[in-house]
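Here's a quick tour of a structure you may want to open in your viewer. We'll start with one helix and work outwards from there.

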Amino acid sequence: MTKIKKINPKCMPHNFDFTKSKELGNFPNFTSAGFMLPCCWLDHTPLKKENFANLWDEELNIKNVDSIQEVLYSKQWKEFFKNLMNDQEKAHHICWKNCSMEVEEE
Ligand code: SF4
């Protein structure tokens, strides 16, 4: 067995293989600029400036949607969570810093 680091997102209500549910930590976060984010750790000016994962696309600002579901089910959010689950190399270092853990892998 070897130990590897994986992100166990606190913004998702289940573990890696969906066998256990867990309480959501800080999901979601509302910013003063009118955007929703998966957590408060992403509410960080440099990420907003680079529009990380397109989460700050203007179409996602709450002034431009009719319901929160439009944001939660947007292509940008789906892509963000798809990468967190399946392609963690693309995750931001903030996610690695706050939500990673060592797991044993055969
Ligand atoms: S740091 Fe990343 S993985 Fe952790 S809760 Fe926030 S968005 Fe989710």
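## Helix α3

Helix α3 spans residues 75-86. With twelve residues, α3 reaches 16 Å from its first C-alpha to its last, close to the 16 Å expected at 1.5 Å a residue. Keep in mind that this is a predicted model.

Which residues of α3 are buried? They are W77, F80 and L84. Looking down the axis of α3, you'd find its buried residues within an arc of 60°, so they line one face of the helix. That fits a general rule: an α-helix has 3.6 residues a turn, so residues three or four places apart point the same way.

Flip to the other side of α3 and you get K75, K78, K82 and N86, which are exposed. As for what sits over the buried residues of α3, the cover includes β1 (2-7), α2 and α4.

## The nonpolar core

The largest nonpolar core has 14 residues. Inside this core, F35, L55 and F80 have the most contacts. Both α3 and α4 supply at least two residues each, and α3 gives the most, with three.

L55 is a handy place to click. Leaving out residues up to four places away in sequence, L55 touches F35, L37, L60, Q76 and F80. Two of those names, F35 and F80, are also on the list of residues with the most contacts inside the core.

## Around the ligand

Now for the ligand. There are 13 residues around it, and P9, C11, C39, C95 and C99 come nearest. Sorted by class, the shell has eleven nonpolar residues, one polar and one charged.

Which helix gives the most to this shell? Helix α4, residues 93-99, does, with four residues. Helix α4 has come up before: it also helps cover the buried residues of α3.

## Two odd phi angles

Most residues other than glycine have a negative phi. N51 goes the other way, with a positive phi of about 50° although it isn't a glycine. You'll find N51 in the loop between α1 (45-50) and α2 (68-72).

N54 is the other one to check: its phi is near 60°, again positive in a residue other than glycine. N54 also lies in the loop between α1 and α2.

Are these two buried or exposed? N51 counts as exposed because it has 12 other C-beta atoms within 10 Å, and the cut-off for exposed is 12 or fewer. N54 has 14 other C-beta atoms within 10 Å, so it is partly exposed.

How values were computed: Residues are numbered from 1 along each chain as its sequence is written. This is a predicted model: local features need pLDDT of at least 70, side-chain atom pairs count only at pLDDT 80 or more; totals for chains, interfaces and linings use all residues. A residue is near a molecule or strand if its C-beta atom, placed from the backbone, lies within 6 Å of it. Ala, Val, Leu, Ile, Met, Phe, Trp, Tyr, Cys and Pro count as nonpolar, Asp, Glu, Lys and Arg as charged, and the others, Gly among them, as polar. A residue is buried if 20 or more other C-beta atoms lie within 10 Å of its own, exposed if 12 or fewer, and partly exposed in between; C-beta atoms are placed from the backbone. A nonpolar core is a set of buried Ala, Val, Leu, Ile, Met, Phe, Trp, Tyr and Cys residues joined through C-beta atoms within 7 Å. Two residues are in contact if their C-beta atoms, placed from the backbone, lie within 7 Å. The expected span of a helix is 1.5 Å times one less than its number of residues. The arc is that of the directions from the helix axis to the C-beta atoms.
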